[in-house]
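Student: I have just opened this structure for the first time. Could you walk me through it with some questions and answers?

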Amino acid sequence: MFGNFDTMGTIGFRARWLPFPLAISLLLDCGLASAAEPSPAARYVIEQPSQDLGDALRAIGRQTSTSVLFDPRIVAGRLAKPVSGRLSGVEAITAAVAGADLEVHVTPDGAVVVRSLAAQKAVPAGPSATTVPAIPASPGSASAPASVRAGAADGGAGPGDTDVGAQPPNSESVYQITRVEVTGSRLRRVDAEGPAPVNVYTARDIERSGQPNLQRFLAGLNEVSASAGEGGFSRTLGQGTVQLRGMPLGSTLVLVNGRKLEAVGSSTGSVFNLNLIPLAAIERVEVVPSGSSAVYGGDALAGVVNIVLKKSIDGSSLAARLGTGRGFRDGSVSIATGGRDADGSYLLLGSFSRSTPLTMVERSRFANVDFRAIGGADERQPYCAPGNVSSISGNLPGLGASVAGIPRLASGQTPTLADYQATAGMRNLCNRYATGGGAALIHGTQTFALHSLAEHRLSGSWSAFGEAMFVKDRTEAPSYGVTLASVKVPAANLFNPFGVDVRVSSVLGNDSGIQGLLRQGRFTRALAGLKGQLGEDWDAELAVSTSSDHGSSLSRNDSVNATALAAALASQNPATAFNPFTAGKAATDEVLRGILADTIRRDRGRKDQASAIVRGSVGQLWAGPVDVVVGAEAARDWYDMSVPGQSEIHGNRRSSAAYGEARVPLLAGREEGRVTWNLAALTLAARRDTYSDFGSANTFQGGLEVRPTRNLLIRGSAAGSFKPPTLLQTNVSDLVDDASFYGLVDPARGGEAITSGSLVRTTNKELKPERGQARGIGAVWEPEGGLGTRLSASHWQLRVRSMIALLAPQSALNYESAFPTFVTRGPAANGLPGVVTSIKAAEVNYGRLDTAGTDVDAAYAWTTSAGRATVAAGATRVNEYRVQLTPGAPVVDRLGRRFIDFWAPRWKGRLSVGLDAATWNLGLTSRYLGNYKDAGTSERRLGNYWIHDLAGSLNLKKLWPELLPGFRAATFGVSVTNLADREPQFVPGAPNFDVTQADWRGRYVSARLTLDW
C-alpha cells in the first residue's frame, strides 16, 4: 500500500509541471486505479471542541457521511472529548467517546453503533428481541427516513422507543447521511468539496504559522498575491485587510459566521479591519478565492473570506502568548468559559492584546539612504535636524558659498557666523523618514475584545441563538519630524547670524514635536435569531443583527500655520521668537502650539440587517433529492466622516436581496454494500440585489461536479459578481476650484490652454457597480485511507469590468464624447465649440482587469514509530494580470511587475513538513515568492526567495500527568517566523521597500501557553 502512495506522490509532483489538461488526466487515472482495490475509510479534517456527546456524534456523522446510531438516553448529560486531526468517521467517533462507558461497533455495512458497555454485557448472545428493523435508503438518497432521523439526529427515541444501543452486530444498518453548510454555498451538502474550491484554515493552522494577527496570516497564503501593507506606508494605515488574487482593496467580501460586516469608518468606509477579530475567538477561516456574489451579494469580486468564530467550549480556558523581534514586542492573553447541555450552550471569551510600534529608526536600512554602493541612487534629502541654510541670491554673507549645513551644537546654543565656516558649501543630508521617532513600519496596537455566543432550545427542533462582540482598539505610532521646506527667515530674526534674509530647510528636533498617529475606535456587533425544522425535510432560520464602528484618528503636528510661523520668525521677543537654526527646541510650548496643528478625523459606520432562509428538498430524481435554498435579506448602511473645519461626508443606503440556489443530482453511482454517491451534480444560484442609491444588480452562478469514483472529483464553475460603489464614492462633497490652475488644454479647440472656468469635484450620480465574471475548472483526488493524502489542481479566471476610478479632468476633455456630462461649454463661435466653463472631476465606470492562473496542492501523510508525518506542497501560478484604468491608455501588464496597489507575482508557493506525536509536534513551513520586476520600466529583479518558519508544541499534561493539578489540559508552544531573519528587499524610491510584500518583523519568536480546566 505504501508503495502505491509513493507512486501517487511522484505523479502528483510531476503533474505540477505539466499542462493543466494532462494533470487532470493523471488525476483521473490515479482515481480509477485506486478504485479498483479495496480501501479503508475516507478521512476528513475534523476540529471539534468538547461538547454534548450527542451533538458531537451528530456533527461527526454529518461531516464524515457516517451512519451513526445511538440511544439518546445513554449519551444524555455526557461530554465528548475534543477531536482534532484528519480522521475517518469511526476514528473520530471513537476519540469523542474515549473515557466514557461506551463501546463503538461497526456493522458490516459500515454503520457505526455507539452502545453502553454495561447494556451490552446484559444482552444475551443471539438476536435481540428489540432490534431496529432494516430501513434501506432509497438510491441516491441523502437523508434517512424520518423515523430513524428522530433517533439519531433530533434527540428523540428511535422507532418504537427501542434501544439502539442494544442493536446486535448482525443487524442490517440504516444509511444516515446528513448534510452541512460549506462556505461558497448556502446549501447543506454531504461532500466538503463542491463545484468551487474552498480553502479551510483552522485555528491550529493560524497558531502554527506564528503570525501575530489575521492579516499577516492571510498575507502568507498562496491565493493572496499582494497586500495593502502595514505601518505608515500602507494604504489602510494599519487596518488589516486581504486582497485575494492581489485584486484591488474592497474586492474581497469579509464575513463573520457567514454574515456580512460593514466597512469600518476608520478605513474610510472601504474595508473591514480584520485586526478587530481576536485570534483567540477564531475557530477557522474559510476562503473562497473566486467571485461568488450570487450567494453572498456585493463586494465578492475576488472572493470571500469567512471568519468562523468559536461557538462553545466545556469548562474554562486560558491562553497567553508573548512575541518579540528586533525593536518591538507583542503579546496577548485570553480567557474563555462555556458550557453545553441538552437545552443549549454558551460561550464567553475575553481577550487583550498589545504590541509596540516598529519604526525606521530600528532598522539599519534607513539610517543612510545613499544607495549608490548597491546600484541605487543617493536618496538623502536636506530635511534634517539641524537642517540647511541657503541664500536668496548670491553667497551667504561671510561665506564663499550659497549654502551651508547648520552646525550641530550643544542644546540651547545658537550657531554664530564663525560656526558656519566649517560647513560652507556643504549640506546636511539624511533620510527625513528616519528623523524624529521614524516612520512607522508597524503600528503599535492595543485591543480589548469580548465575544459571546449562546443558543437555547425552545421547543422541539426550534432554538434561539445570539451573538455579541465588543472590541475597543487603539493604534498608535510616532513618525518623523515636522518638515520646514525652504522657509524664508528674515534678517531681523533673533537667531539669524547672516544679517540678511535667508532660507532654511530642516526638520524640527524632537523637543519641538514630531508627527504621529493615534487612532481609537469601538466596534460592536449583536445578532439574534431563530432556527429549526419545518417538517421532515426543511429547515429555516431568521436573524437580525446590528453592528457599528465609532472611531477617531488624530494626526499629530501634521499641518503648519504659515502665518503664525512667519510672525514667530520675525519676532524680536525671545518669548515669542522661533529659532530655525537648532536641532533643539525651536520655541516655547505656547508658540509651537500656535504654529503646529493636529488634524482629527471622526468616523462612524453602522449596518443593520435582517435575513431569512429556508432550505430543503423539493423532490426526488433518479439520482437523488433536489436540494434548494430560498432566502431574502434587507439592510441599511450608514457612513459619516468629518474633519472639523475642513470637510464632512454623510451617506446612507438601503438594500434588499432575494436569492435562490439549487443542487440537482444528474447521475448516481453505487458500490456493493455501500452508500450511493452522485456521479454528477449540477448547482445553480441566482440573486437580485436592489440598492437605494444606484439601482439593482443581478448575478448568477453555476457549477458542475463529476465524480467518476468516490474519491475523485472533477469540477467546473462559472459565477457573476459585483461590487457596489462605496458610500464615500456616492457622497462626495462638492469642491470648486479655478480650472486654470491645472494646466489643462482643450482638444476640441486645437489644444488651446484653458485659462478660465471652474473645476468641480463632485459625485457622479450615474455611477454603477463594478462587474465581475469568474470561471474555474479543476480536480481533487483524495484516496480513501490515505491519512491525509490529497492532490488537487484548479485553473481560475477572473474578469472585472466597469471598474470605478476617478476620471482626470484632462481625460474628460480628451474623451468628451464618452463623458458628455463632464464638460460644460459656452456658446459655439467661429465654427469652434464654446469655451469650457466647467469641468467635473468624479468617479466613473471605465476600468477593466483580467487575471487568470492555476492552483496546485499536494499532501501526503504516513505513520511512523515517532508519530504521524506529513508533507504538503502548494503553489499558485498566475499567467495573466492585465489592467486598464484610463480612457485611451494602453492595457498595462501587471503580471510579475510591482505596483503600489494591485498586481500579482507569477509564482507563490508553500512547502511544509511536520511530525505529530502523542505528546509533541514539530513543523517546518517554507514560503516562496517568485521572481518579479520592480516598478515602472525597471529591469531590477525582486522576489525569488524563501522564508522559513518553525513551530512546535508540547502536551504538558500527557508528558507529566502530575503537573499543574486541577487542569485537565495544558499545552506549551513556540514558533519562530523568518528563521533566517530575511529583510524586505531594497527598491529605489521612498520607502525603499515593496509595501505589498514586506514584513519588517524579521526573525520573530513567540511562545504560547494554553490551560484548560
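What follows is a short conversation about the model, from the whole chain down to single residues.

Student: What kind of model is this, and from which number are residues counted along each chain?

Tutor: This is a predicted model, where local features need pLDDT of at least 70 and side-chain atom pairs count only at pLDDT 80 or more, while totals for chains, interfaces and linings use all residues. Side-chain values use heavy atoms, with hydrogens and water left out, and residues along each chain, as its sequence is written, are numbered from 1.

Student: How many helices and strands does the protein chain have?

Tutor: Helices (H or I, at least four residues) and strands (E, at least two) are DSSP runs, numbered from the N terminus. By that rule, the protein chain has 14 helices and 49 strands.

Student: What percentage of the residues of the protein chain count as buried?

Tutor: A residue is buried under 20% relative accessible area, exposed over 50%, and partly exposed in between, using a 1.4 Å probe and protein chains only. Applied to the 1013 residues of the protein chain, the buried share is 52%.

Student: Which strand gives the largest share of the largest nonpolar core?

Tutor: A nonpolar core is a set of buried Ala, Val, Leu, Ile, Met, Phe, Trp, Tyr and Cys residues joined through side-chain atoms within 4.5 Å. The largest one holds 48 residues, and Leu214, Leu218, Phe272 and Ile307 touch the most other members. Several elements each supply at least two of its residues, including α9 (214-219) and β12 (303-309). The largest share, four residues, comes from β37.

Student: Which residues does Leu218 contact, leaving aside its neighbours within four places in sequence?

Tutor: Contact means heavy atoms within 4.5 Å. With those sequence neighbours set aside, the partners of Leu218 are Val224, Val242, Leu274, Val285 and Val305.

Student: Why do the buried residues of α11 line one face of the helix?

Tutor: Helix α11 covers residues 562-570, and its buried residues are Leu565, Ala568 and Leu569. The arc is taken from the directions from the helix axis to the C-beta atoms. Seen down the axis of α11, these buried residues line one face because they fall within an arc of 100°.

Student: Which exposed residues sit on the face of α11 turned away from its buried side?

Tutor: The buried residues of α11 pack against β22 (483-489), β25 (538-560) and α12 (589-595). The face turned away from that buried side carries the exposed residues Thr563 and Ala567.

Student: Which residue caps the N-terminal end of α11?

Tutor: Look for a side-chain oxygen 3.1 Å from the backbone nitrogen of Thr563. The residue that supplies this oxygen, and so caps the helix end, is Asn561.

Student: Which strands are at the edges of the open sheet β32-β35-β39-β38?

Tutor: Two strands pair if DSSP finds at least two bridges between them. This open sheet of four strands has mixed pairing. Four bridges join β32 to β35 (residues 758-761), and the two run antiparallel. The edge strands, each pairing on one side only, are β32 (735-738) and β38 (823-825).

Student: Which residue makes a polar contact with the side chain of Arg525 through its own side chain?

Tutor: Arg525 lies in strand β24 (residues 514-534), and at 7% relative accessibility Arg525 counts as buried. A polar contact is a pair of N or O atoms within 3.5 Å; within protein, one must be able to donate a hydrogen and the other to accept it, and residues adjacent in sequence count only if both atoms are side-chain atoms. At 3.0 Å, the side-chain partner of Arg525 is Glu467.

Student: Where is Pro386, which is joined to Ala385 by a cis peptide bond?

Tutor: Omega of the bond between Ala385 and Pro386 is about 0°. Pro386 is found in the loop between β16 (358-359) and β17.

Student: Is Asn978 buried or exposed?

Tutor: Asn978 has its place in the loop between β48 and β49. Its phi is near 60°, a positive value in a residue other than glycine. At 5% relative accessibility, Asn978 counts as buried.
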